[in-house]
Amino acid sequence: QVQLVESGGGLVQPGGSLRLSCAASGSIRSINAMDWYRQAPGKERELVAAITIGGSSNYVDSVKGRFTISRDNAKKMVYLQMNSLKPEDTAVYYCNADIITIWGNRRNYWGQGTQVTISS
């Protein structure tokens with residue numbers, strides 16, 4: 001079994017910051033790309049940020065300069081530092097990881113999501 005568990009969501013005022021964390025656990029041999037997605041009410045899920053096993057990252061244009069994705073391969077964790085938050089960042093944020101299990105199976109796994117609400 002493989003699990004991804006997000007934490008760090010909450011309610012903050014516009015201009016504030018949050019740091020999301022995602023911990024991978026279970027029968028993992030290796031983790032390739034790790035990503036953060038978000039889904040706002042009535043909208044499709046969108047890729048927010050992605051990071052390779054080597055640390056290369058990319059971002060959706062709307063968060064460039066405000067969000068930073070990072071990872072700790074030894075701890076099997078990925079983070080999303082979110083600064084200068086805006087009401088339009090309000091969404092459920094999901095962690096996604098491309099994982100190879102100890103049995104050699106490769107697939108994408110999703111976390112359960114964490115709510116981020118930006119409001120005054």
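Q: A salt bridge is a side-chain nitrogen of Lys or Arg within 4 Å of a carboxyl oxygen of Asp or Glu. How many salt bridges does the structure hold?

A: This is a predicted model, in which local features need pLDDT of at least 70, side-chain atom pairs count only at pLDDT 80 or more, and totals for chains, interfaces and linings use all residues. Residues are numbered from 1 along each chain as its sequence is written, and side-chain values use heavy atoms, leaving out hydrogens and water. One of the salt bridges joins arginine 106 to aspartate 98, with the closest N and O atoms 2.5 Å apart. The number of salt bridges in the structure is five.

Q: How many residues apart in sequence are the parts that arginine 38 and aspartate 89 tie together?

A: Let's start with the bond itself: the closest N and O atoms of arginine 38 and aspartate 89 are 3.0 Å apart. Arginine 38 lies in strand S4, while aspartate 89 sits in the loop between S8 and S9 (strands are DSSP runs of E, at least two residues, numbered from the N terminus). The pair therefore ties together parts whose separation, in residues, is 51.

Q: Which residues are linked in a network of salt bridges?

A: Aspartate 89 also forms a salt bridge with arginine 66, at 2.7 Å from N to O. Arginine 66 comes from the loop between strand S6 (57–59) and S7, 23 residues from aspartate 89. The network is made of Arg38, Glu46, Arg66 and Asp89.

Q: Is aspartate 98 buried or exposed?

A: Buried means under 20% relative accessible area, exposed over 50%, and partly exposed in between (1.4 Å probe, protein chains only). Its partner arginine 106 has 56%, so arginine 106 is exposed. Aspartate 98 has a relative accessible area of 12%, so aspartate 98 is buried.

Q: What is the handedness of the disulfide of cysteine 22 and cysteine 95?

A: A disulfide is a pair of cysteine sulfur atoms within 2.5 Å, and these two are 2.1 Å apart. Cysteine 22 belongs to strand S3 and cysteine 95 to strand S9, 73 residues apart. The torsion about their S-S bond is about -80°, so the disulfide is left-handed.

Q: Which strand gives the most residues to the largest nonpolar core?

A: A nonpolar core is a set of buried Ala, Val, Leu, Ile, Met, Phe, Trp, Tyr and Cys residues joined through side-chain atoms within 4.5 Å. The largest has 30 residues, and those with the most contacts inside it are Trp36, Leu80, Met82 and Tyr93. Among the strands that give two or more residues are S1 (2–7) and S4 (28–39). The strand that gives the most, with five residues, is S9.

Definitions and conventions. Helices (H or I, at least four residues) and strands (E, at least two) are DSSP runs, numbered from the N terminus.
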